[in-house]
Amino acid sequence: MMLTDLMLKRRSTRKFNDDPITKEELEKILEAALLAPTSMNRKPCNFMVVERKEVLKELSVCKDHGAALIEGANKAVVVIADTLIADTWIEDSSIALTYMHLMATELNIGSCWVQVHLRNKDGEKSEDIVRDILKIDDHYRIVGILALGHSDDIPEPHSLSELDKSKIHFLV
């Protein structure tokens, strides 16, 4: 598949079926994360794979809105970045999340990026909630969680005709 086709096909999926993600599929998604570039190749990101249903359920209430879908996922990957290694943890984590999102699409696996950074649950920071659930040290920051699962409800691909080219500006 051409990269443009893959980008058009990538859609957020919020409903998952009961088909498990295989070890091989998960390995490819995690390899994609490890292939993601980072500033100065510092590689501050770590990837916590959550498979236990009770933990997925806990994570599904880590913020006021938009995390409930995690409970129905087969797996979730929490991207944590070590701030002692790099101050570019937001950018590095975001690229890794994107790479995993694209690989999941390539494998016909539904996925959805659940934003954690700068989100809250009843006034408490979502990052702190996730940190408590997963017992993560304070020097790690959490940009997001990628929920993963096979799905019968993946939206149709976008098309190039939908692009808003008014967002492109040429400086001459």
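## A briefing on serine 93 and its surroundings

Leaving aside residues up to four places away in sequence, serine 93 touches Cys45, Val79, Ala81 and Val143. Serine 93 itself lies in helix 4, which covers residues 89–106. The model you are looking at is predicted. Let us start from this one residue, move on to the strands around it, and then look at the whole chain.

**Serine 93 and its contacts**

- Is serine 93 buried or exposed? With a relative accessible area of 0%, serine 93 is buried, because a residue counts as buried when that value is under 20%.
- Two of the residues that serine 93 touches, Val79 and Ala81, are found on one side of strand 2.
- Another contact of serine 93 is Cys45, and cysteine 45 stands opposite alanine 81 in strand 2.

**Strand 2, covered on both faces**

- How many residues of strand 2 are buried? Strand 2 spans residues 75–82, and 8 of its 8 residues are buried.
- Its two faces are both covered. On one side you will find Lys75, Val77, Val79 and Ala81, and on the other Ala76, Val78, Ile80 and Asp82, all of them buried.
- Strand 2 pairs with strand 1 (residues 45–50) in the antiparallel sense, over 6 bridges.
- Strand 2 also runs antiparallel to strand 6 (residues 140–149), and 8 bridges join these two.
- If you would like to trace that second pairing by eye, look for valine 77, whose bridge partner in strand 6 is leucine 146. Lysine 75 has leucine 148 as its bridge partner in strand 6.

**Strand 6, with a partner in strand 3 too**

- Strand 6 is largely enclosed by the rest of the structure, because 9 of its 10 residues are buried.
- Which way do strand 3 (residues 110–115) and strand 6 run? They run antiparallel and are joined by 6 bridges.
- One place to spot this pairing is cysteine 112, which stands opposite alanine 147 in strand 6.

**Valine 130, a second buried residue**

- Valine 130 has its place in helix 5, made of residues 126–134.
- Valine 130 is buried, with a relative accessible area of 0%.
- What does valine 130 touch? Not counting residues up to four places away in sequence, its contacts are Leu59, Cys62, Val78, Val116, Ile136, Ile142 and Ile145.
- One of those contacts, Val78, belongs to the buried residues of strand 2.
- Valine 130 and lysine 63 are 67 residues apart along the chain, while their C-alpha atoms are separated by 9.4 Å.

**The chain as a whole**

- The chain has 5 helices and 6 strands. Reading from the N terminus, the order is α-α-β-α-β-α-β-β-β-α-β.
- The radius of gyration is 16 Å, which agrees with the value near 16 Å that a compact globule of 172 residues would have.
- The C-alpha trace spans about 45 × 45 × 35 Å along its principal axes.
- Of the 172 residues, 43% count as buried.
- Take the contacts between residues at least 6 apart in sequence: 78% of them join residues at least 24 apart.
- The accessible surface comes to about 10000 Å², and 53% of it belongs to carbon and sulfur atoms.
- The chain has 22 positive and 29 negative charges, and the mean positions of the two groups are 3 Å apart.

Definitions and conventions
Residues are numbered from 1 along each chain as its sequence is written. This is a predicted model: local features need pLDDT of at least 70, side-chain atom pairs count only at pLDDT 80 or more; totals for chains, interfaces and linings use all residues. Side-chain values use heavy atoms; hydrogens and water are left out. Helices (H or I, at least four residues) and strands (E, at least two) are DSSP runs, numbered from the N terminus. Buried means under 20% relative accessible area, exposed over 50%, partly exposed in between (1.4 Å probe, protein chains only). Contact means heavy atoms within 4.5 Å. The radius of gyration is taken over C-alpha atoms; the globule rule is 2.2 Å times the number of residues to the power 0.38. Accessible areas come from the Shrake-Rupley method with a 1.4 Å probe; for residues, only the protein chains shown count as cover. Lys and Arg count as positive and Asp and Glu as negative; His and the chain ends are not counted. The place of a charge is taken as NZ of Lys, CZ of Arg, CG of Asp or CD of Glu. Two strands pair if DSSP finds at least two bridges between them.
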